[in-house]
Amino acid sequence: MTGNASETAEATDSESPQTTVEVGCTGHVRTALGTHQLEFAFDGETLREFLDAFFEEYDVRDLVMAKRESDATTPGWAKTDRLPGTWRKNPEGEQTRAYARVMVNGRFNELLDGLDTRLEDGDRVALVYPFMFCC
C-alpha cells in the first residue's frame, strides 16, 4: 500500500462534492441580504451543509434558525395533547424561528428529511421569514 493517512484524508477532502442551488429570500432575510434571489455553491450535499456554509457567508442565522424550542413557537398556539393528522418538526437546535421556514423546492424541510435533506445542483432553497404586522 502506498501513501499515508494524511494524503488519503487530503484526497478525500478535495473530492467533497460541491452543490450549487438557487436561494430565494423573503421578508427580513431579503432585507438583510439586499436581494431576493441568488445562486450559492457550497461543499456538501445536504441542507445542513448548505445552511452552515450560507450562514458562514451571510449573517442571517438568527433571522431564520431558533436557538431553543421557545424561539420556535409563539404564545397563542392552541394547546392540545393530540393534533389531527401527521405533524413533524425538527429536533431542538434544528428548528426555525416562529413564522420562519426553510423550504426545498417549495416544500417545508420538516416534511422531507429535515436538515439531512439531500440537495442537488439546481434545487431551490427558500429562506422565508415574512414581515408580520398586527392590528
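Reader: What is the order of the strands in the open sheet?
Author: This is a predicted model. Its open sheet holds 5 strands, and the pairing is mixed. The strand order is 2-1-5-3-4.

Reader: Which are the edge strands?
Author: An edge strand here pairs on one side only. Two strands fit: residues 37-43 form one, and residues 107-108 form the other. They are strand 2 and strand 4.

Reader: How many bridges join strand 3 to strand 5?
Author: Strand 3 covers residues 101-104, and strand 5 covers residues 124-128. The two run antiparallel. The number of bridges joining them is 4.

Reader: Which residue in strand 5 stands opposite Met103?
Author: Residues 101-104 make up strand 3, whose partner here is strand 5. Opposite Met103, in strand 5, stands Ala126.

Reader: Which helix packs on the sheet, touching strand 1, strand 2, strand 3 and strand 5?
Author: The packing helix spans residues 47-57. Its direction makes about 110 degrees with that of strand 2. It is helix 3.

Reader: In what order do the elements of the protein chain run from the N terminus on?
Author: The chain has 4 helices and 5 strands. Read from the N terminus, the elements run α-β-α-β-α-α-β-β-β.

Reader: What percentage of the residues of the protein chain count as buried?
Author: Buried means under 20% relative accessible area. The chain has 135 residues. The buried share is 32%.

Reader: Of the accessible surface, what percentage belongs to carbon and sulfur atoms?
Author: The accessible surface of the protein chain comes to about 9,300 Å². The share belonging to carbon and sulfur atoms is 49%.

Notes. Residues are numbered from 1 along each chain as its sequence is written. This is a predicted model: local features need pLDDT of at least 70, side-chain atom pairs count only at pLDDT 80 or more; totals for chains, interfaces and linings use all residues. Side-chain values use heavy atoms; hydrogens and water are left out. Two strands pair if DSSP finds at least two bridges between them. Contact means heavy atoms within 4.5 Å. Axes are lines fitted to C-alpha atoms, for helices over the stretch in contact, and angles run from 0 to 180 degrees between N-to-C directions. Buried means under 20% relative accessible area, exposed over 50%, partly exposed in between (1.4 Å probe, protein chains only). Accessible areas come from the Shrake-Rupley method with a 1.4 Å probe; for residues, only the protein chains shown count as cover.
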